Amino acid sequence: MTPAAGGARGALDGLRILDLSTGPVGGVATTVLSDFGADVVKVEPPGGDRFRELAASPLWLRGKRSIVLDLASADGRERVGGLAAAADVLLVSGPPGRDADLGVPFAAMAAAHPALVQCHLTPWGPRGPYARLPGYDALLAAKSGRMRVFGRQRRGDAPGFSALPVAQHACAMGAVQGIAAALLEREATGRGQLVETSLLQGLLPYDLADLLFVQLADRGATDLPDLSAGDLPTLNYHPVRASDGRWIQCGNLMEHLFYAFLDALDLLPELLADERFEGAPGRWAAPVVEEVRDRILGRVAERTADEWMQIFRKNGNVAAEPFLTSEQALAHPDLVANGEIIRSDDPKLGALCQIGPMARLSETPGRIRGPAPEPGADVDEVLADWTPRAGPAGRGAPTRPGEPLHGLRVIDLSTIIAGPLGASMLADLGARVIKVEPISGDPSRAILPGGALATRMNGGKESLAVDLKSDEGRAILAELLTNADVVLHNFRPGVPERLGVGYEACRALNPRVIWAAVQGYGELGPDAGRPATHPVVGAATGGATWQAGPAVDAPCGDLAATREVARQLMRANEANPDPNTSSVLAAAVLLALLARERRGGDLGQRIDVSMLVANAWANADDFVDYAGKPSRPRLDLEILGFAPGYRLYAARTGWVVLAATREKEWCALAEAVGEPALLEPAGRSVDRLAALFATRDAESWERDLSAGGVACVRADGPGPGRFWAEDEHVRVLALNPVTRHAEHGDMLRWGPIVRVGGPAAACAPAPLTGEHTERILAELGRSGGEIAALRSAGTVGFPYPD
């Protein structure tokens, strides 16, 4: 299969990616690169990548060419060295040292091919106490405290199994970010860089507040919420059960959306007429909240899910979606209407349905460039095509280490999580990100005590507080946009135009600007104008349904049972859809920036990132369908795992998670514990293993089984906050750098999900609202007197009153 021809040029057309990775993490990263035009050559061992047996391999192998090389042989190493000499990017996955094992050691490759960008994907990072642990997602979730989070689905202190492999998604998107950033820097310097990310770094975006909370608690703060406390969902984020037994997830975070929901249920008039419901819902007394909860559950039970969704769509301001599986989500009307679901006739599988490119780039669009190749199908073509060639000459000096985006300016108009966190990822790579927010601040600043959520979302940024409803405020923003490289927002369709920051208006001010919109549903579907928040997207794309396990189908004979299942569903539906979107947003922006630089520096374009599409990619293990495709495994009744060899077990004290999915791993386990019965599939039962693990403490199981090559770690250790703040492995990798916050003082902050050319010299803190207003206005030429007048008029804001 030769690289596809025809159609619009992709962002990466002409670039060559040599993919030595195995499995879906590197596979997804290079699929994104292929979708946007790169010629990806996958090097496979004799017999092919062993992960081809996974159900989603047609997705993460698509659009590539395959060659088979025995890298244990001298001939294989010579050939892969010749291919590396012709490549722009070399990608390797596995434990530290895998590059040397495959005959492409970093130092030797860098010396021989200075323009080559090298990307290393490791499970746990390049060094540290856990560096040699197996890269199972379950082990990472256990060590990092993530399984403690899902223990909230269960009652009691036991952990819960983490189903969705979010670390794989963020790691893959981090690799795309890092590769694009390194190639962007190479355009200026002519030299390649080392790009490093890991599954562990991929978990960083999913801690939204705990790292800060544990630090504030250690300093004596007493007003911090216990995020594991509280039983039933908030009324805003409540799952509701329709008359046909189907569940709908609500996500009406803002007060006006919640009132729209009550109005759609025809409950609003009667509530407004009752003085007990005066004031904001967040201030209602507890008995009042419970009465409203029961009224909501009772009302929704009067109609089917489809009937309610028709009502919600007609209302236009209700954030709600039914719980779907990922396979069901392939038929979501907005994904279909936006052309995001691609149907093709695969030469091996027949009719194939899968998610399309991760984002829409107006001038350099992505497209699927062909089916998955058979192992070794393209050896002769690749060896003929890939001959060494000169890389970019370079036109300037290297940027500062770890900051490939130094000198680029991003204007961040987005709010809450998905957009702001994506912009923060760009700041972590060296971009200057200016957060433009209302004088009262981004709404996220009021969601958690201590501004914790905003502190997480806005790391590395500056803040300009300005009233964009005023003429002068919009004029200030227009001045910023004239010199911006990127502007991003998450307004609903039509709002940017009313504020004067629509794509056409921004392009008129600055033709080379990259304009990025994050929206729930995309531009073209029936729900384009509806609000979307993380829980509704989690339900609509399958991740929440998977994590919920049997709860989705549980019988509900009375109101008490309905309340309990609603509790379990909301505990399963965590906030991951927002960070899932953030990593896609940052990757898409970097692809557009690279396309601009490769085409002379003046190619501006529009990016549209849909939360539905981004979360389809986070569910990439199941967002594909064909005849005979294996179904996703289902969590057991106790939310402890998928199978005897991939499951949580209670130890004598504590809990462990076991990952034994291959025959050699079962053999290692049988030898380590002296249980010959485990050598045979018939002897590998949950009951047998549960009895075995109950005989010793969790810590001793981890110590002894890890030494014996068995993937088993304690699963009920510190929660996420303590892990990121105090774990020695995190410290060795510098994933919690110290920064100085204007209110909190010296604090550990969340590190980057990818590094390019080594760690940055420093990671800046999140700003207070308007902390940099004066400096930014001065840069725009405003005098001290003019700034004071703007402040007096209420046009701009500062962190503290006069």
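In the predicted model, the charged end of arginine 303 sits over the ring of tryptophan 308, at 5.5 Å from the ring centre. Tryptophan 308 is also part of an aromatic cluster, whose other members are Phe258, Tyr259, Phe261, Phe277, Trp284 and Phe312. A further arginine, residue 791, lies over the face of phenylalanine 798, and here 4.2 Å separates it from the ring centre.

Across the whole structure, 16 aromatic pairs were found. One pair consists of tryptophan 546 and phenylalanine 642; the ring centres are 5.3 Å apart and the planes meet at 15°, so the pair is classed as stacked, the limit for stacking being under 30 degrees. The two residues come from distant parts of the chain and are 96 residues apart. Tryptophan 546 belongs to helix α24 (residues 543-548), whereas phenylalanine 642 belongs to strand β20 (residues 641-643). The relative accessible area of tryptophan 546 is 10%, and this residue is therefore counted as buried, for which the value must be under 20%.

Nonpolar side chains tend to be buried together in soluble globular proteins. In this model, the largest nonpolar core comprises 149 residues. Helix α8 (residues 166-189) makes the greatest contribution to this core, supplying 14 residues. The residues with the most contacts inside the core are Met358, Leu591, Ile607 and Val657. With residues up to four places away in sequence left out, methionine 358 touches Val32, Phe36, Met173, Val584, Ala587, Ala588, Leu591, Val613 and Trp617. Leu591, one of these partners, is itself among the residues with the most contacts in the core.

Key. Residues numbered from 1 in each chain as written. Predicted model: local features only at pLDDT ≥ 70, side-chain atom pairs only at ≥ 80, totals over all residues. Heavy atoms only, no water. Phe/Tyr/Trp six-rings, centres within 6.5 Å; stacked < 30°, edge-to-face > 60°. Helix = DSSP H or I, 4+ residues; strand = E, 2+ residues; numbered from the N terminus. Buried < 20%, exposed > 50% of the residue type's maximum accessible area, 1.4 Å probe, protein only. Lys NZ or Arg CZ within 6 Å of the ring centre and 35° of its normal. Core = buried A, V, L, I, M, F, W, Y, C linked by side-chain atoms within 4.5 Å. Contact = heavy atoms within 4.5 Å.
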